[in-house]
Amino acid sequence: MSEKDAKKSDKKPIFKKWWFWVIIIVVLVAIGGGASNKNEPTKVGENSGSNVSNQEAEEKTDFAVGDVISYEGREVTVVSVERNYNSNNEFYQPESGKEFVKVSIKIENKSSEKLSYNSYDWELQDSDGDIQSIDAGLQFTVDGALNSGDLAPSGKKSADLYFQVPKDDANLMLHYKASFWQDKTLNIKL
């Protein structure tokens with residue numbers, strides 16, 4: 001065998017070299033590490049009518065009424081909470097020892113893609129730790145209630161959520177899970 005033939009047999013395709021795969025793994029780990037911080041919820045301000053875009057964001061998952069929460073391309077704000085909500089429906093009243101709670105929210109699409117929203121992304125936890133979905137009896141019969149839909153880029157939606165909770169419970173926590181595919185839940189103290 002000639003020296004030229006020996007050199008040809010030593011040349012392996014680049015994808016069969018060990019150092020090629022080390023470089024690929026390092027690049028993928030770097031991309032994955034950088035991408036993981038982009039989905040962290042942050043408080044970008046409070047709903048006080050001032051410009052919140054210049055305020056420094058802080059990462060957390062527990063928020064309060066009025067906080068503007070930036071999360072996965074959206075800004076979510078719990079605008080107000082109305083206890084002992086009166087449905088004005090004589091046939092649909094809260095169960096004994098319970099009251100209706102109306103939670104007014106605002107969602108803004110800050111991404112460049114269509115954004116879905118759904119009333120079932122929201123749950124309310126009482127002081128006993130009981131977590132309830134929306135009260136469908138009110139949610140789908142009252143005007144202005146959040147149902148489901150999509151927001152175009154820069155789109156905004158203001159709507160209401162309705163829950164039935166123990167009367168005068170002072171420790172209510174609203175849970176928002178923006179994506180079925182992730183475990184991250186935002187908690188808003190009401």
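Which backbone oxygen lies 3.0 Å from a polar atom of the side chain of Gln139? In this predicted model, that oxygen belongs to Asp160.

**Around Gln139**

Gln139 sits in helix α3, which covers residues 136-139. With a relative accessibility of 0%, Gln139 counts as buried. Setting aside residues up to four places away in sequence, Gln139 touches Ser119, Ile134, Ala145, Leu146, Asn147, Asp160, Leu161 and Tyr162.

Two of those names are worth following into the nonpolar interior. Leu161 is one of the residues that touch the most other members of the largest nonpolar core, along with Val103, Ile105, Trp122, Phe163 and Leu174. That core has 26 residues, and the elements giving two or more residues to it include β6 (98-109), β11 (156-166) and β12 (173-176). Beyond four places in sequence, Leu161 has contacts with Val101, Lys102, Val103, Ile105, Ser119, Trp122, Ile134, Gln139 and Leu146. Tyr162, on the other hand, belongs to a second, separate core of 6 residues, which also includes Phe100, Leu138 and Val142. As a rule of thumb, nonpolar side chains in soluble globular proteins tend to be buried together.

**Salt bridges**

There are 6 salt bridges in the structure. Here are three of them, with the distance between the closest N and O atoms:

| Pair | Closest N and O atoms |
|---|---|
| Lys98 and Glu95 | 3.9 Å |
| Lys102 and Asp160 | 3.8 Å |
| Asp150 and Lys114 | 3.9 Å |

Lys102 is in strand β6 and Asp160 in strand β11, so their salt bridge ties together parts that are 58 residues apart in sequence. Asp160 is also the residue whose backbone oxygen lies by the Gln139 side chain, at 3.0 Å. Lys102 is buried at 18% relative accessibility, and Asp160 counts as buried too, at 12%.

The Asp150 pair also links distant parts of the chain: Asp150 is in strand β10, and Lys114 is in the loop between β6 and β7, 36 residues apart. Here Asp150 is partly exposed at 40%, while Lys114 is exposed at 60%. As for Lys98, its 29% relative accessibility makes it partly exposed. Salt bridges also link Lys106, Glu108 and Lys110 into a network.

**Gly149 and Arg74**

Right by Asp150 in the sequence, Gly149 is also in strand β10 (residues 148-151). Gly149 is partly exposed, at 23% relative accessible area. Its C-alpha is 6.6 Å from that of Asn118, although the two are 31 residues apart in sequence. Leaving out neighbours within four places, the contacts of Gly149 are Leu115, Ser116 and Tyr117.

Leu115 and Ser116 come up again with Arg74, a residue of strand β5: the contacts of Arg74 beyond four places in sequence are Ile69, Glu108, Lys110, Leu115, Ser116, Tyr176 and Ala178. Glu108 and Lys110 are the ones from the salt-bridge network. Is Arg74 buried or exposed? With a relative accessible area of 6%, Arg74 is buried. Its side chain makes a polar contact of 3.1 Å with the side chain of Tyr176.

**A nonpolar patch on the surface**

Back towards the start of the chain, there is a nonpolar surface patch of about 1,100 Å². Ile14, Trp18, Trp19, Trp21, Val22, Ile23, Ile24, Val26, Val27, Leu28 and Ile31 make it up. Take Val22: it lies in helix α2 (residues 18-36) and is partly exposed, with 42% relative accessibility.

Technical notes: Residues numbered from 1 in each chain as written. Predicted model: local features only at pLDDT ≥ 70, side-chain atom pairs only at ≥ 80, totals over all residues. Heavy atoms only, no water. Helix = DSSP H or I, 4+ residues; strand = E, 2+ residues; numbered from the N terminus. Buried < 20%, exposed > 50% of the residue type's maximum accessible area, 1.4 Å probe, protein only. Polar contact = N/O pair within 3.5 Å; in protein donor to acceptor, adjacent residues only side chain to side chain. Contact = heavy atoms within 4.5 Å. Core = buried A, V, L, I, M, F, W, Y, C linked by side-chain atoms within 4.5 Å. Patch = residues over 30% accessible without salt bridge, like charges linked within 9 Å, V, L, I, M, F, W, Y side chains within 5 Å. Areas by Shrake-Rupley, 256 points an atom, 1.4 Å probe, with all protein chains shown as cover. Salt bridge = Lys/Arg side-chain N within 4 Å of Asp/Glu carboxyl O.
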